[in-house]
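I opened this entry to keep track of how the strands pair. My notes follow in the order in which I looked things up.

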Amino acid sequence: MKGTVKMIVLNIVLLVILVGGAGLGYYFYNRSINYLTTNNAQITGEQIAVSPSAAGKLTDWYGEIGKKYSQGERIGSVLTSTNSVDITAPKAGTIVQQTAVVNAIVSPGIPQAYLYDLDRLWVTANVKETDLNDVKVGQAVDIYIDAFPGTTLMGRVDQLGLATAGTFSLMPTSNTNGNYTKVTQVVPVTISLEGNRGLGIIPGMSVTARIHK
């Protein structure tokens with residue numbers, strides 16, 4: 001009798017394992033068929049550099065991190081060898097970083113601050129080149145931001161990159177003998193956001209993107 005009970009229990013356990021395994025297998029199979037997921041992604045936007053147009057001493061600086069500025073708004077001024085020159089915002093945006101120091105000598109083209117339009121951010125997701133055929137402009141995307149667990153944002157594939165992410169690397173791979181080691185490359189895919197649900201998202205935040213095939 002005891003042997004029979006043990007056999008019944010064992011069969012039940014095996015059945016549960018088989019059913020659970022089959023369900024788990026179907027879950028992952030369904031995900032692979034219907035979705036393409038990558039966690040090699042982040043929030044980004046247009047980085048706007050604020051630079052003086054002439055060399056001289058920075059006599060005034062009105063920039064504040066977190067403050068919005070309209071296009072053309074005066075942020076600082078530089079005393080040059082001829083006349084004073086204003087530093088203005090090239091485009092509308094919010095200062096997210098600044099290095100400006102009053103009375104320091106500044107040069108044209110050297111940024112004193114960086115602006116982002118925080119209302120026009122998007123996601124850049126790096127997709128393996130072997131998966132690129134499954135990605136099309138207009139596909140829906142579920143966006144999960146690490147900083148806000150439990151919240152899902154919606155987006156759309158807006159643009160596929162025309163070069164791999166490593167093509168313009170600051171440290172390109174050296175090849176002196178003409179032999180290449182094949183490594184799977186990633187291609188940047190731009191995903192537009194369909195609203196941010198009031199979340200305080202900022203450039204650089206880590207993202208997991210799930211593209212609907």
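**Overall counts**

I started with burial and found that 27% of the 213 residues of the protein chain count as buried. The model is predicted, and I read every value below as computed from it.

Next I took the secondary structure: the protein chain has one helix and 14 strands. I then checked the surface, and the protein chain exposes about 13,600 Å². Carbon and sulfur atoms supply 56% of that exposed area.

I also looked up how far apart in sequence the contacting residues lie. Among contacts with a separation of 6 or more, 71% are between residues 24 or more positions apart.

**The sheet with S5**

What is the strand order in the open sheet of four strands? I noted it as S6-S5-S3-S8, with antiparallel pairing. In general, strands of a sheet pair through backbone hydrogen bonds, either parallel or antiparallel.

I went through this sheet pair by pair. Strand S3 covers residues 56–61 and strand S5 covers residues 74–79; four bridges join the two. At one position of this pairing, Leu58 stands opposite Val78 in S5.

On the S6 side, I found five bridges between S5 and strand S6 (residues 84–88), again antiparallel. Val78 turns up here too, standing opposite Val85 in S6. I therefore have Val78 facing Leu58 and also Val85, with the sheet order placing S5 between S6 and S3.

How many residues lie between S5 and S6 in their hairpin? I counted four residues there.

Which strands stand at the edges of this sheet? They are S6 and strand S8 (105–106). Each has a single partner strand, so one side of each is left without a neighbour in the sheet.

**Pairings of S7**

I then moved to strand S7, residues 93–98, which pairs with strand S4 (residues 68–69) in the antiparallel sense. Two bridges make up this pairing. I looked up Lys68, and its bridge partner in S7 is Thr94.

S7 also pairs with strand S9 (residues 113–116), in the antiparallel sense and over four bridges. For a position in this pairing I noted Gln98, which stands opposite Ala113 in S9.

My entry for S7 thus lists S4 as a partner over two bridges and S9 as a partner over four bridges.

How values were computed
Residues numbered from 1 in each chain as written. Predicted model: local features only at pLDDT ≥ 70, side-chain atom pairs only at ≥ 80, totals over all residues. Heavy atoms only, no water. Buried < 20%, exposed > 50% of the residue type's maximum accessible area, 1.4 Å probe, protein only. Contact = heavy atoms within 4.5 Å. Areas by Shrake-Rupley, 256 points an atom, 1.4 Å probe, with all protein chains shown as cover. Pairing = 2+ DSSP bridges.
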